[in-house]
2 protein chains.
Amino acid sequence: MASSNTMAGGDGPNSYSQHSTYQRALLEVAKEKINEAISTELDINSASNRFNIADFGCSTGPNTFLAVQNIIDAVEEKYRKQPQQIPDDNTEFHVFFNDHSNNDFNTLFKTLPPIKKYSVAGVPGSFFGRVLPRDSLHVGHCSYSLHWLSQVPKGIADRSSPAWNKDIYCTGFSKEVAEAYLDQFKIDFGSFLEARGEEFVSGGLLFLLGSCLPDGVKMSETMKGMLFDCMGSCLHDVAKEGLIDQEELDKFNFPIYPAHVEEFKRVIEDNGCFTIKAFERISHENEEYPLDPKFLATSYKVTFGGVLESRFGKDAMEKTMQLIEEKCSEILPQLANAKSGMQYFIMLQKN
Amino acid sequence: MASSNTMAGGDGPNSYSQHSTYQRALLEVAKEKINEAISTELDINSASNRFNIADFGCSTGPNTFLAVQNIIDAVEEKYRKQPQQIPDDNTEFHVFFNDHSNNDFNTLFKTLPPIKKYSVAGVPGSFFGRVLPRDSLHVGHCSYSLHWLSQVPKGIADRSSPAWNKDIYCTGFSKEVAEAYLDQFKIDFGSFLEARGEEFVSGGLLFLLGSCLPDGVKMSETMKGMLFDCMGSCLHDVAKEGLIDQEELDKFNFPIYPAHVEEFKRVIEDNGCFTIKAFERISHENEEYPLDPKFLATSYKVTFGGVLESRFGKDAMEKTMQLIEEKCSEILPQLANAKSGMQYFIMLQKN
């Protein structure tokens, strides 16, 4: 099954755009790093007067607007300090907002900052393939998107496969399940880098931000993993009540893989289009979800509600979310003792 | 009042995308002209491997896909026949679909041709201003959009003004009304050309298609003018029934101006960014609307229903459309004897 996971559209109280403060906190911490990186590392030999920036997996805003503004501010600052490096006095910024073609671009476009110093373009299409012309991109950004795989790996949803993952995600993380997910991650992240490798100009910078696992830490040991397990358990409870067909549920998995640091590095090195200029753990005050069952349930609803609703219907989704809130209260002590995941800041430079 | 007129979204039976055969017929006739023009006139000195195409006022498709494909086919054909002119062996097409930011881009993106040899970008924003970077555009296209003004001209909707236009549009076309509309057209079309003048590379081609008036023909003498008068009259009837507030209606006008040929030419010459390479009347079999009251009413609903509904409510809009269908039957003899309007094909080359 090819998947195209998009966040809840619109800008209502349960929309992604109203519930993305977690990602925003990371962006704010990353701003300084991006600023410094652009100042010292960006090295573009361009005869053109255009400076192209893309955000891959932009969703509906507003975080994407903040991210691109940070980049533009940094580039302008660089050229103010190093005027000899300005490719052209009339440099104009062209910003490409990319996401799946079923992303809510209408909301993105309606909520654009009223005053902005760049031309806007929405780019529909999967970032696992080419979405921009060759040699056109100077700075790219991708935040909280690379844990989404292009599909649930083969075998994972098949009861007869050794890689069948009955328990949605973490608890049943057998060797076969782990390998199937890792293989899919290698294919997908490799495709992402291959496509970006063609789109970037030499010397361009690609910033990747998101959530991964420190080497040696299992997903099921982290708060997010426990919450995933909790969601799986709640889905099974809803199935027992009859609101979800058990066989359907047995075939259900999320196309998500939180890679380990070493796995990220290996794919980047195998791909060969980019050089790793930074791979850092960054911290911010919202790094771990707050231990508030209501907040946790709403966050999960915004992120996963759409997929659950389209698969199992609205009632089953609502019931699951209600159970998640209840169960979260029960497992608060475990959540409080979870191992830390890792927020990553990766800077790649196109060779 | 700033206006942003967008066609009915989605792809249901009353959507623009299902009711755009009239415009499509013009596109098909224009295809040959565009093909020949690109073969003989396009003269771009580009060091880049990108070929940028934009459709201004793209709406939700599918005509815009046909229009850009025609252009790409023509450019590829040109380079096949004249290989020495290929700017770069790896030329890639980048297509920019422009319309107001409240256009239904979601439908546009979901209905993109599954197989296409170009990168896609949606560009939200009024084409009366800059929407693309400077010196970036090679071929532009604008079909059935330039009769929309940026706003109803000042005075037109003001009962105390000599330019007040009580009768919506045509019948009450006093000298003052005509001047106010023409002045607004000059400002808007001038702004359009000014913005495109900055966006185009030298030698690039801009194709304008649409509906205008032959010099000497009044709007009220054409079928479209009579239908507009009919709509105005129906709106007044609905106001008499109490579904529309008469004072609101007295302030209501469409920001539409069907310019005369001479008026188009004058603005292009005054602007000075482009040279007129062709200004032709073109004919096609769907040039005049068919004399079918149901078809006419549906066409008007698709094009104007949204504006009427947002101004006067859904009931008033539906009632008006029902009356239009009835009145159309009554005025069929007049419609049959209307003077011809004109479908124009304009080719401009950036100086």
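Of the residues of chain A, Gly122(A) comes closest to the rotation axis that relates the two copies, its C-alpha lying at 2.4 Å. This is a predicted model, in which local features need pLDDT of at least 70 and side-chain atom pairs count only at pLDDT 80 or more, while totals for chains, interfaces and linings use all residues. Residues are numbered from 1 along each chain as its sequence is written, chains are lettered from A and ligands numbered from 1 in the order in which they are written, and side-chain values use heavy atoms, with hydrogens and water left out.

Chain A is superposed on chain B by a rotation of 180° with 0.0 Å of shift along the axis, at an RMSD of 0.0 Å, the fit being by least squares on the C-alpha atoms of residues with pLDDT of at least 70 in both copies. The two copies are thus related as by a two-fold rotation axis. Because 100% of the interface residues of chain A are also interface residues in chain B, the copies meet through the same surface.

Within chain A there are ten helices and seven strands, taken as DSSP runs (H or I of at least four residues for helices, E of at least two for strands) and numbered from the N terminus. Of its 351 residues, 58% count as buried, that is, under 20% relative accessible area with a 1.4 Å probe and protein chains only.

In chain B, helix α5 (residues 223–240) packs against helix α9 (residues 314–330) at an angle of about 125°, with the axes 9 Å apart. That makes α5(B) oblique to α9(B), a word for angles that are neither under 35 degrees, nor over 145, nor from 65 to 115. Among the residues that meet, in contact through heavy atoms within 4.5 Å, are Leu227(B) and Met231(B) of α5(B) and Leu323(B) and Ile324(B) of α9(B).

The loop between β1 (50–56) and α2 (63–81) of chain A holds Pro62(A), and the peptide bond leading from Gly61(A) to Pro62(A) is cis, with omega near 0°. Ser59(A) has its place in the loop between β1 and α2 of chain A and has a positive phi of about 55° although it is not a glycine; Ser59(A) is also buried, with a relative accessible area of 3%. Most residues other than glycine have a negative phi, and most peptide bonds are trans. A positive phi of about 55° is found for Tyr144(A) as well, in the loop between β4 (137–143) and α4 (175–199) of chain A.

Key
Buried means under 20% relative accessible area, exposed over 50%, partly exposed in between (1.4 Å probe, protein chains only). Axes are lines fitted to C-alpha atoms, for helices over the stretch in contact, and angles run from 0 to 180 degrees between N-to-C directions.
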